[in-house]
Amino acid sequence: MSERTWQDKVASWSEEGFSAAEIVNKCMQIGKTVSFSLFALSISHSLVLRLSVRCFYSLRFQVSKSRVLRLLKKKYVVKKAYTPSSIVDKHKIGPIFKFVFDSYLEDNQKEGSKVVEEINALFGEKLSPNIVKRIREAQGLGSDGVRYGHSVRMVNRPPRLAFCTHHLSVGTMFTHHVFTDESMVQAGKRGRFCYVLKGDTSSRVKPRYKHPPQLMVWGGISWEGATPLVLIRKGRNVDGPVYQSMLHSSYLKWAEKKYGDNAVLVQDNARCHISASTRDFFQRAGVQMVWALMKQWLRYKKRTNTLKDLEDGINEWWSTKLTKELCRKLILRMQKQMKKVVEKQGGPVYD
């Protein structure tokens, strides 16, 4: 009897109204029947005998009493609805449950103590945070890790939504688009774990710079690979003219070589990108994940304690790790990300 078969039989017997004890007996009986039949076939051949003995033990353990009971308890036993005994007025149980559910739907990071205070003020019932937790879990609201997406200002959400909706509707594959952005990168190796002897707390402490070496980097990705990388020293303000000189010295020649006149530059709404002089410059003449991958590599794979180490590490990653294949993978991933943006009405999504 296979893994899937006996679980299906347990489900059907449970739906037919058999008790847990009866289902256990049926499973055990089927396990014995199958194993005995295999054992009978093994009399004439020693090899088949060894195989049948293995089958006997595996089948016997697969349909053990404890495993059947665990399956019944996990999937097929209807649990009794949770009714807190600490709620004095039983007529308030339903409204309190609804209030807790609505509170966490409105703010899913709300503290239990705050909900306790509101329940006391609205319903006159004194509950503990643990009771609120059980009420929340009884309605299917479990705890999960928070994921953060890039902040999107309210003024930028409509154009962001319009961009994604348009390109999803026309099926744009972004084979002629160049996605560019800037990011600040700082030096310093920060591992997640360390391995020390039990009780050795001092070895866990690692030095951390108060003002680590930093570099501003500008670059982009496209279907044909990465753009040239521009490193901007600390203290240099990236305004409209500086940004235009970066495009003129690093981007335009590369774009003309790769795409001719067919390249489409995609950038965010930073002031230097949308200034009047920058728009005039253009008339005349998904990259966040790239920065995340580069910073992760620098943080965990490369020692960058000085500004020179940081600069060498950035150039190494850009020239050796950011391949054409990785660029294309990140661009194809944008279809999935744009669907998330539409679902969130232009709001932040997890990268």
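These are my notes on the cores, some helices and the cysteines of a predicted model.

**Cores**

I started with the nonpolar cores. The largest one has 43 residues. Ile221, Met246, Tyr251, Val290, Met294 and Ile314 have the most contacts inside it. I then looked up which helix gives this core its largest share, and it is H9, residues 240-259, with 8 residues. Another core, of 17 residues, lies apart from it. Tyr82, Val116, Ile135 and Leu141 are among the residues of that second core.

For Val290 I listed the contacts, leaving aside neighbours within four places in sequence. They are Ile221, Trp317, Trp318, Leu322 and Leu330. Ile221 is thus a contact of Val290 and is also listed with Val290 among the residues with the most contacts in the largest core.

**Helix H9**

Which residues of H9 are buried? I noted Gly240, Val242, Tyr243, Gln244, Met246, Leu247, Ser250, Tyr251, Trp254, Ala255 and Tyr259.

Next I checked the span of H9. Its end C-alpha atoms are only 25 Å apart, whereas a straight helix of 20 residues would span 28 Å at 1.5 Å a residue. I also found a kink of about 40° in H9, centred on Tyr251. Tyr251 is buried and is one of the residues with the most contacts in the largest core. Just after H9, Gly260 has a positive phi of about 70°.

**Helix H14**

H14 covers residues 324-332, and I found Cys327, Leu330 and Ile331 buried in it. They lie on the same side of H14, because the arc they cover around the axis is only 100°. The face turned away from this buried side carries Glu325 and Lys329, both exposed.

I then looked up what the buried residues of H14 pack against. The partners are strands E1 (177-186), E2 (214-222) and E3 (225-226), together with helices H12 (288-300) and H15 (334-343).

**Helix H15**

In H15 the buried residues are Met334, Gln335, Gln337, Met338 and Val341. Their arc around the axis is only 160°, so they are on the same side of H15. Lys336, Lys339 and Glu343 are exposed on the face turned away from the buried side. The cover over the buried residues of H15 includes helix H8 (157-170), E1 and H14. After H15 comes Gln345, with a positive phi near 55°.

**Cysteines**

How many disulfides are there? My count came to 0 disulfides, with the sulfur atoms of a pair required to be within 2.5 Å. I also looked up whether two of the cysteines are buried or exposed. Cys164 has 6% relative accessibility and Cys327 has 0%, so both count as buried, the limit being under 20%.

**Two single residues**

Ser103 is in helix H5, residues 93-106. Its relative accessible area is 4%, so I entered Ser103 as buried. Leaving aside neighbours within four places in sequence, Ser103 is in contact with Lys110 and Glu118.

Val24 is in helix H2, residues 20-40. I entered Val24 as buried because its relative accessible area is 6%. With neighbours within four places left aside again, the contacts of Val24 are Lys65, Val68 and Leu69. I also took the C-alpha separation of Val24 and Val10, which is 8.7 Å for residues 14 apart along the chain.

Conventions: Residues are numbered from 1 along each chain as its sequence is written. This is a predicted model: local features need pLDDT of at least 70, side-chain atom pairs count only at pLDDT 80 or more; totals for chains, interfaces and linings use all residues. Side-chain values use heavy atoms; hydrogens and water are left out. A nonpolar core is a set of buried Ala, Val, Leu, Ile, Met, Phe, Trp, Tyr and Cys residues joined through side-chain atoms within 4.5 Å. Buried means under 20% relative accessible area, exposed over 50%, partly exposed in between (1.4 Å probe, protein chains only). Helices (H or I, at least four residues) and strands (E, at least two) are DSSP runs, numbered from the N terminus. Contact means heavy atoms within 4.5 Å. The expected span of a helix is 1.5 Å times one less than its number of residues. The bend at a residue is the angle between axes fitted to the seven residues ending there and the seven starting there. The arc is that of the directions from the helix axis to the C-beta atoms.
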